[in-house]
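Subject: Structure for your files

Hello,

Here is the structure I said I would send. My notes on it follow below.

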Amino acid sequence: MPAATDALANLTLTPHPQLSKRRKPTSAGRQCVAYGVGLQGGTAGVVQVVTVLCKDANGQRRHTGGDVVTLSVTTPDDGAGGSCVGHVVDNGDGSYTASYLPRVASARCKIAAMVNGTHVQGSPFAAIVAPGRTDPSQTECFGRGLYDGTSGAQCAFTIATKDAYGNACHQPGD
């Protein structure tokens, strides 16, 4: 029997994990929802806000934070400067507030909201970003009437109004 006792002496017992020590469930991106006027787009140069509400795999609302939530805006009209990344704040209650500043005006923007690497319901969202207010420092004038004219005769030139980000403005009165 001494051999059996020696074998038992070297055993290590691991306690059963308690429920309180189990890993908390994480949010399932496909169950999460995003809402707010920022999903529709907005105006170049004006901060837009989106709220993301997280849910678990069973569709139950989460009441704690800690998920990885991202928001990005892209536009096919300007590959270099057309995209921006949202700033996301964890509210600690299963909801997240994301804000972004669009710079490029486009009728074909896409807003992607993701939770833990997975798109939320409806993402990516189609959005429209309109140009901002006319900025005189970005506006251009051109045409023959600026440099060539005859006294008493009509001269023509064009004023191309643009916002602070160089987007063409199309609103009457700009």
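The chain has one helix and twelve strands. Along the sequence the order is α-β-β-β-β-β-β-β-β-β-β-β-β, with the helix ahead of the strands. Please keep in mind that this is a predicted model.

Some totals for the chain. It has 174 residues, and 28% of them count as buried. The exposed area comes to about 11,300 Å², of which carbon and sulfur atoms supply 55%. Among contacts with a separation of 6 or more, 60% are between residues 24 or more positions apart.

Strand β10

I looked at β10, which covers residues 125-130. One face of this strand is covered and carries F125, A127 and V129. The uncovered face has A126, I128 and A130.

Two pairings of β10 came up. With β2 (41-43), β10 runs parallel, and three bridges join the two strands. T43 has A130 as its bridge partner in β10. With β8, residues 106-115, the sense is antiparallel and there are four bridges. In that pairing S106 stands opposite V129 of β10. V129 belongs to the covered face of β10, while A130, the partner of T43, belongs to the uncovered face.

Q40

Q40 lies in the loop that links β1 (33-35) to β2 (41-43). Is Q40 buried or exposed? Its relative accessibility is 58%, and the cut-off for exposed is over 50%, so Q40 counts as exposed.

Which residues does Q40 touch, leaving aside those up to four places away in sequence? They are A127 and I128, which sit on the covered and the uncovered face of β10, respectively. The C-alpha atoms of Q40 and A126 are 7.1 Å apart, although 86 residues separate the two along the chain.

Cysteines

How many disulfides does the structure hold? The count is zero. For C141 the relative accessible area is 44%, so this cysteine is partly exposed. C169 has a relative accessible area of 9%; buried means under 20%, so C169 is buried.

To go through this on screen, you could begin at Q40 in the loop before β2, move to its contacts A127 and I128, and then follow β10 to V129, where S106 stands opposite. C141, partly exposed, and C169, buried, can be looked at separately.

Regards

Key: Residues are numbered from 1 along each chain as its sequence is written. This is a predicted model: local features need pLDDT of at least 70, side-chain atom pairs count only at pLDDT 80 or more; totals for chains, interfaces and linings use all residues. Side-chain values use heavy atoms; hydrogens and water are left out. Buried means under 20% relative accessible area, exposed over 50%, partly exposed in between (1.4 Å probe, protein chains only). Contact means heavy atoms within 4.5 Å. Two strands pair if DSSP finds at least two bridges between them. A disulfide is a pair of cysteine sulfur atoms within 2.5 Å. Accessible areas come from the Shrake-Rupley method with a 1.4 Å probe; for residues, only the protein chains shown count as cover.
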